[in-house]
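Open the model in a viewer and keep both chains switched on. The stops below go from the symmetry to the interface and then to an annotated site.

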There are 2 protein chains.
Amino acid sequence: METIKIGLVGLGTVGSGVLQMVTQNQDKISNITGRQLSVKTIVVHDINKPRQVNTDNIILTDDLNQIINDPEIKIVVEVMGGIHPAKEVITALLNAKKHVVTANKDLIASAGDELAKIAHDNHCDLVYEASVAGGIPILRTIVNSFAADQILEVKGIVNGTTNYILTQMQQKNWSYEQALKEAQKLGFAESDPTNDVAGIDAAYKMIIPSQFSFGTHLTMDDMQVEGIQNLQLADVKQADAFGFTIKLLGIAKRINNGIFADVAPVLVAKDHPLATINNENNAVMVTGIAVGETLFYGPGAGGLPTANSVLSDIVSVTKNIVLGTTGNSFNNYQHENDLIVAKNAFFPYYLSLQMLDVPGQMLKLTKLLTDLDISFSQIVQTKNTAEYAYVAIITHEMNHFTIPKLSKAIGNLRDINLIGAYKVIN
Amino acid sequence: METIKIGLVGLGTVGSGVLQMVTQNQDKISNITGRQLSVKTIVVHDINKPRQVNTDNIILTDDLNQIINDPEIKIVVEVMGGIHPAKEVITALLNAKKHVVTANKDLIASAGDELAKIAHDNHCDLVYEASVAGGIPILRTIVNSFAADQILEVKGIVNGTTNYILTQMQQKNWSYEQALKEAQKLGFAESDPTNDVAGIDAAYKMIIPSQFSFGTHLTMDDMQVEGIQNLQLADVKQADAFGFTIKLLGIAKRINNGIFADVAPVLVAKDHPLATINNENNAVMVTGIAVGETLFYGPGAGGLPTANSVLSDIVSVTKNIVLGTTGNSFNNYQHENDLIVAKNAFFPYYLSLQMLDVPGQMLKLTKLLTDLDISFSQIVQTKNTAEYAYVAIITHEMNHFTIPKLSKAIGNLRDINLIGAYKVIN
């Protein structure tokens, strides 16, 4: 049986997982593709660093040219991460007619179109299933299984760190700070957790499935991004009492000919499938006109789950090599022209407020809400401290632009504070 | 742009959905495939029957030869259902070099291998994503995204009728009979519901994903099948009190070199993703060595969701026509030889018993359980009637072959009855 030689750039957690899977699952891979796969060369930063994984009979080098100039190597896996020099590395590989598999979310979200063009010009495959939601095969599923449907919405829990923190707050009654500390101890959060907890990682991750779903390339500027840093345990508990779980959701939704996209904490009804996605797990929900609601759940990160997505890309490229069909775009749905950022999106909201506990306050509050056309279905007032009352409200559907207006109106009052304002999904 | 002509055999709910989607989503389909699709001819039983869907400019005929002998028609969708004459129809179509898309679960489960061979001999595609779990793209996902992983288990809620009934029992405290009557009123259950409620439909549906997952063709004889007809509301409520929801699950699990496969009511922990799959929805969970647990959720039936799966197959065949790569098997993972039906599977069990409320009964019961090596983690005894007590038990992991032994041992006693014995998943 013919053998296809593979190069790796990077040998961290994912790279080691890829090496392990290629070695251990030879039988099944060759059963399916009719080819043996073998990792020939790995480019690493430091060739002397001790490795957890067996690299016998593999060339370890710090020189990319050992792959670029090796005509035997057909497929290269980029798992070094970061934008530079990963972009230059992938460009050089594609120009050397290597098919490229990457797990690099930041790079694909920011320069995916440019790299896809270079791949196309070189008749090479460029695939990146592992770049979004680790082990969940969401991109290939959108390409293959929603090809003939109009996707209305793609939303999901795409950051494992924040989902772990939120799960601990919900289940153990921990404050955000306590839960973050625990996540850091367990290695689920970094020592500077900003990229995760501020929602930036989740926003980047929404760009790629949005492009696959709507044929439109969003940028970070098209998205409102709110993290979980200011989420109060009191709101997690009150949401629970109302029958909801708070999740950090990325939402990209088609509204007429526009796209509304944001990342923010959202109250999800407890019998909604997204409500049971706990700890570091991820899930993406895709809603189509024909198919209705579908959900794809799995591990959002981790060496082997992400390696599995890389392997599914390698197998797909291998099939293309066998069939002589390489060079086709991973996502060929383009619909740039008539889609813009949607101006008006409507959701019910959860509002939590603290107010000085003196007569006439509720009247003041309800008058302010009524002036902004905010009506509500549920309201709870409890004693917070001796001086302050805590009020939680679930509103009827309202325009998301009303929230900054509400925030401003309340900001003008000395004795009422808006603590949180979160969308609600039933 | 070139147009690819399609034939339909059958114009029921799914056929009408396919016609509607091909017409309405032309833009996106041609954007992705580079081809226009157009339904030219539809074979129906009665050409004079009034139709809900617009068939202007389409040939309606009761003669299959109008498709067989039309060289313009490249792809034919079989949505007539049933085994005969669907099998003969598909055979004739493949022998006439037509690519075939079918939603026919019974036929593929029973004669899939034979038809795949005929397709292969004619260099034709035979694809059937819609045959399992309606709108959930589970088959193509297993083929594409688990190609390099070893799948350990595939389990799921694959029958919408029973899931609707179980949801009503759980949420509304209805008996099985009440919930069935309501399901029949709403059209979720047929007037003779046996095929659904006895688990037969679910068992058929497990055959195809099992084959894709393990490369082994199971038959109905390899599977134990238990339906929900004898499920008591008391057990649904007791399971709820223990923290579980009862679901009818199909399970196919790799145990060493064997496969354990069955369909039965199972207690699923409430924070497990399968526990929130309610009403007529379906979900399939796939567990792989590398990827871990993944879940795919969506509508299990219905005209448009199923049509969406048919369309994903049509788009896939169209891409193959464009690339000149037709004739490859939908599932080419074969692993027949060293897999057999597993003898020993271990699960915790939920047992419910009714016993005459006289002194010494609990001692008698626990002695009987101990003799069978059954140990338990939870036990609850409540008064049932004046004379009888109701006992519910959650056991530790035990061999599933112990259940018939337990049933026999209790059958020998006059004053203790085994009401239910269901697997437990945490």
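Start at F296(A): its C-alpha, at 2.3 Å, comes closest to the rotation axis of the residues of chain A. Now superpose the copies (least squares on the C-alpha atoms of residues with pLDDT of at least 70 in both): a turn of 180° and a shift of 0.0 Å along the axis lay chain A on chain B with an RMSD of 0.0 Å. That is the relation of a two-fold axis.

This is a predicted model, where local features need pLDDT of at least 70, side-chain atom pairs count only at pLDDT 80 or more, and totals for chains, interfaces and linings use all residues. Residues are numbered from 1 along each chain as its sequence is written, chains are lettered from A and ligands numbered from 1 in the order in which they are written, and side-chain values use heavy atoms, without hydrogens and water.

Next, select the interface: 47 residues of chain A are in contact (heavy atoms within 4.5 Å) with 47 residues of chain B. Colour K28(A), A148(A) and Y297(A), which lose the most area to chain B, together 16% of what that side buries. Then show α12 (303-323) of chain A, which gives eight residues, the largest share of the side that touches chain B. Helices are DSSP runs of H or I, at least four residues, numbered from the N terminus.

Finish at K105(A), listed by UniProt under "binding site" in an unreviewed entry; such annotations may be inferred rather than shown by experiment. K105(A) lies in helix α5 (residues 105-121) of chain A.

Terms used: Helices (H or I, at least four residues) and strands (E, at least two) are DSSP runs, numbered from the N terminus. Buried area is the accessible area (1.4 Å probe) that two parts lose on being put together, summed over both.
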